[in-house]
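Hello,

I am passing a structure on to you, as promised. Please have a look at it first, and then read my notes below.

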Amino acid sequence: MDESNRRIVILGKTGVGKSSLANTIFGEKLFQIGHTFNSGTRKCQAETKSVNGRSITLIDTPGLFDTDRSEEEMKPEIVRCITECAPGPHAFLIVLKVERFTEHEQAVVKKMCHYFNEEVFRYATVVFTQGDQLPEGQTIEDHVHKNKLVSDLVKKCGGRCLIIDNKYWNQNPNREYRSNQFQVEELLKTIDKMVMENNGSCYTSEMLQLVEEEIEQEEEKIRLLAGNMSEEEIREQAKARVFERLLIKLTGVGVGALLGAFFGVVVMVGVVLTVLRESSEPVELRGAIAKSAAVIGAEAFGAIGGAAAGGAAGVTGTSLLTFTGALAVAGAVKGESNRRIVILGKTGAGKSSLANTIFGKKMFKINHTFNSGTSECEAKTKSVNGRSITLIDTPGFFDTERSEEKLKTEIVRCITECAPGPHAFLIVLKVEKFTELEQAVINKINEYFSEEAFKYATVVFTQGDQLPEGQTIEDYVHQNKLVSDLVKKCGGRCLIIDNKYWNQNPNHEYRSNQLQVEELLKTIDKIIEANNGRCYTNQIVEAVEIEIEQEEENIRLLPGNMSEEEIREQAKGRVFEKLVRELADLLTWPIPPNLSCARKRNAGTSSRISTVLRRDMTGKQSDHKGYNSSNLITVSVLTALNFLLYFAYLAYTAQLVFVTV
């Protein structure tokens with residue numbers, strides 16, 4: 001085989017842009033791109049081309065966190081990757097997007113760090129995609145330092161990291177940094193240096209060497225019968241034969257064990273080598289190996305790894321608490337002209353940017369880091385196209401570094417800001433391939449939104465420029481059943497925005513924020529009309545509104561010339577503090593230090609808010625002590641914007657279920 005050729009394996013989760021990166025490196029479209037919610041790369045694909053005087057083979061792999069891949073479907077592609085890169089790759093490219101890091105992104109990085117042995121990291125480089133999301137003037141090194149987990153990963157890779165933009169930086173050949181031509185050359189130089197530091201050797205393992213030996217034996221057999229076949233054709237035919245044979249031999253070994261063996265996890269290497277060398281072993285023994293691999297996979301790779309590693313011996317996770325008895329009721333508020341709109345979504349979906357796009361100016365702070373941008377619930381009011389609108393921006397419910405106390409405080413703040421209830425909920429999703437995390441978000445929305453709540457909800461997609469030209473968001477939604485079902489529950493309401501690029505297209509028929517914002521406002525008008533002018537509310541939010549109105553009366557009795565807006569804001573502030581204290585009493589929540597004195601001054605008082613909560617907890621007026629903690633959690637979810645609180649607890653359930661009251 002040609003040892004001057006560099007074999008490079010591209011790794012990363014679904015939707016990070018692995019296939020597009022391969023095309024960018026080659027300078028032409030040799031790898032198919034999948035513009036859908038689901039994984040683009042369905043099969044492991046290898047292509048060879050000369051780039052800047054170097055012979056390079058790129059091996060594009062399916063996403064390791066695919067949304068709809070079965071064990072049977074994934075395993076052949078891992079075996080294919082092993083045969084394509086045997087006797088081993090000269091480099092691994094770990095592909096991440098320039099984006100805020102949710103729990104899912106953290107999980108991917110943690111599993112890589114856990115799964116890769118030190119030898120693998122000597123051959124690894126981190127490549128970031130969607131470079132145009134990097135703020136002007138920053139380098140990727142500046143950006144990496146903002147997240148410890150990513151920074152540690154890059155350090156493990158010897159500090160090697162680069163950045164590409166597969167869509168926009170092809171147009172900047174003369175830019176010093178924001179140019180794919182420049183970055184590809186830097187990447188190739190990095191790989192050259194890596195090969196040199198490793199004395200020209202590739203990463204290998206006993207398993208890869210064994211596969212290479214089988215391929216070479218097949219090559220000898222083919223040469224005896226080959227006729228006029230080229231060496232490349234002989235090699236391809238030999239790999240195909242070995243691939244078919246490996247699939248049969250590895251029938252009982254799961255995905256997790258194969259990946260572990262590939263990346264040097266000692267015990268998994270042992271499992272796979274045992275099977276390869278003992279091809280005559282009975283099926284029963286293969287099953288036993290699969291089960292042991294499941295246990296190993298569960299320890300090394302969590303529940304997903306356990307299920308993947310052992311085909312017949314998957315590890316199932318515990319189910320979350322089931323909540324019943326929703327209290328949602330709709331109530332009209334007379335004389336209301338202001339529309340209160342709550343914006344919901346996971347970290348990094350673009351909620352704050354969407355709010356700014358709707359308002360047409362930057363009123364909400366945007367955070368260009370790996371971590372969550374919105375750390376506090378924030379409300380702003382502005383007139384838009386003749387409508388008075390209050391947008392309530394909420395923190396991401398899958399934040400990477402939010403404490404339980406901070407998140408609970410912001411949930412309470414959201415309740416006071418939107419009282420007596422919102423006129424609309426905007427569920428924000430990105431136009432991207434859907435991983436397990438995106439599915440989990442939608443599953444929980446479907447599970448915990450009442451039918452009443454869906455009457456007030458609209459799905460808004462961000463990063464609209466990722467939508468293929470000529471498609472509408474309705475066309476795109478139909479490609480994923482889970483998303484399609486969510487939109488149906490929302491009465492078919494869905495729109496699309498691009499917070500970065502579509503502001504420049506005011507006259508475009510579809511790809512224009514001006515057009516889409518107006519469509520969104522019309523959609524909200526229709527929601528309000530369909531609900532007879534009423535907002536979504538429930539008993540706790542109604543109780544909060546009554547408390548706010550009483551505080552407004554108290555403030556009006558005081559001397560001064562405060563405006564109605566100032567009175568309302570001060571009243572909400574007072575009720576917010578009171579609500580935090582009372583929920584702390586009822587649910588054993590810690591009180592923020594700045595509220596401790598106020599708590600003492602108001603000791604012994606109880607508002608209608610706590611009355612509602614106590615009634616729902618016990619069915620009668622009673623002290624809360626001694627009640628089952630899971631009941632307290634249930635009540636908190638059901639009474640305060642049911643689904644909103646559920647998301648908070650989804651992130652922190654493990655801590656809350658053990659609260660002692």
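Here is what I found, going from the whole chain down to single residues.

Please keep in mind that this is a predicted model. The chain has 661 residues, and 57% of them are buried. Its secondary structure amounts to 25 helices and 14 strands. If you look at contacts between residues with a separation of 6 or more, 73% of them join residues 24 or more positions apart. The exposed surface of the chain comes to about 28,200 Å², with carbon and sulfur atoms supplying 50% of that area.

The part I spent most time on is a sheet. Six strands make up this open sheet, in the order β2-β3-β1-β4-β5-β6, and the pairing is mixed. At its edges are β2 (45-51) and β6 (161-163), each of which pairs on one side only. From one strand to the next, the twist averages 25°.

Strand β3 (residues 54-60) is a good place to see the mixed pairing. With β1 (residues 6-11) it runs parallel, and five bridges join the two. Across that pair, Arg6 stands opposite Ile56, and Arg7 has Thr57 as its bridge partner. With β2, by contrast, β3 runs antiparallel, and here there are seven bridges. One of the partners on this side is Arg54 of β3, which is bridged to Val51. The link between β2 and β3 is a hairpin with two residues between the strands, and Asn52 in the turn has a positive phi of about 50°. Why call β3 largely enclosed by the rest of the structure? Six of its seven residues are buried, so the strand has most of its length covered in that sense.

A helix belongs in this picture too. Helix α1 (residues 18-26) lies across β1, β2, β3, β4 (91-97) and β5 (124-129), and its direction is at about 170° to β3.

Further along the chain, Leu429 caught my eye. This residue sits in strand β11 (residues 424-430). Is Leu429 buried or exposed? Its relative accessible area is 8%, and because the cut-off for buried is under 20%, Leu429 counts as buried. Apart from neighbours within four places in sequence, Leu429 is in contact with Phe434, Ile442, Val459, Val460, Phe461, Thr462 and Leu486. Ile496 is 67 residues away from Leu429 in sequence, yet their C-alpha atoms are 9.5 Å apart in space.

Two helical stretches round off my notes. The first carries a label from a record: an unreviewed UniProt entry annotates residues 208-235 as "coiled-coil region". In the model, those residues are 82% helix and 0% strand, with 16 Å between the end C-alpha atoms.

The second is helix α20 (residues 539-556), which has 18 residues. The distance from its first C-alpha to its last is 26 Å, close to the 26 Å expected at 1.5 Å a residue. The buried residues in α20 are Ile540, Val541, Ala543, Val544, Glu545, Glu547, Ile548, Glu551, Glu552 and Ile555. When you read that list, remember that an α-helix has 3.6 residues a turn, so residues three or four places apart point the same way.

Happy to talk any of this through.

Best wishes

Key:
Residues are numbered from 1 along each chain as its sequence is written. This is a predicted model: local features need pLDDT of at least 70, side-chain atom pairs count only at pLDDT 80 or more; totals for chains, interfaces and linings use all residues. Side-chain values use heavy atoms; hydrogens and water are left out. Helices (H or I, at least four residues) and strands (E, at least two) are DSSP runs, numbered from the N terminus. The expected span of a helix is 1.5 Å times one less than its number of residues. Buried means under 20% relative accessible area, exposed over 50%, partly exposed in between (1.4 Å probe, protein chains only). Contact means heavy atoms within 4.5 Å. Accessible areas come from the Shrake-Rupley method with a 1.4 Å probe; for residues, only the protein chains shown count as cover. Two strands pair if DSSP finds at least two bridges between them. Axes are lines fitted to C-alpha atoms, for helices over the stretch in contact, and angles run from 0 to 180 degrees between N-to-C directions. UniProt positions are given in the numbering used here, feature names are shortened, and annotations may be inferred rather than shown by experiment.
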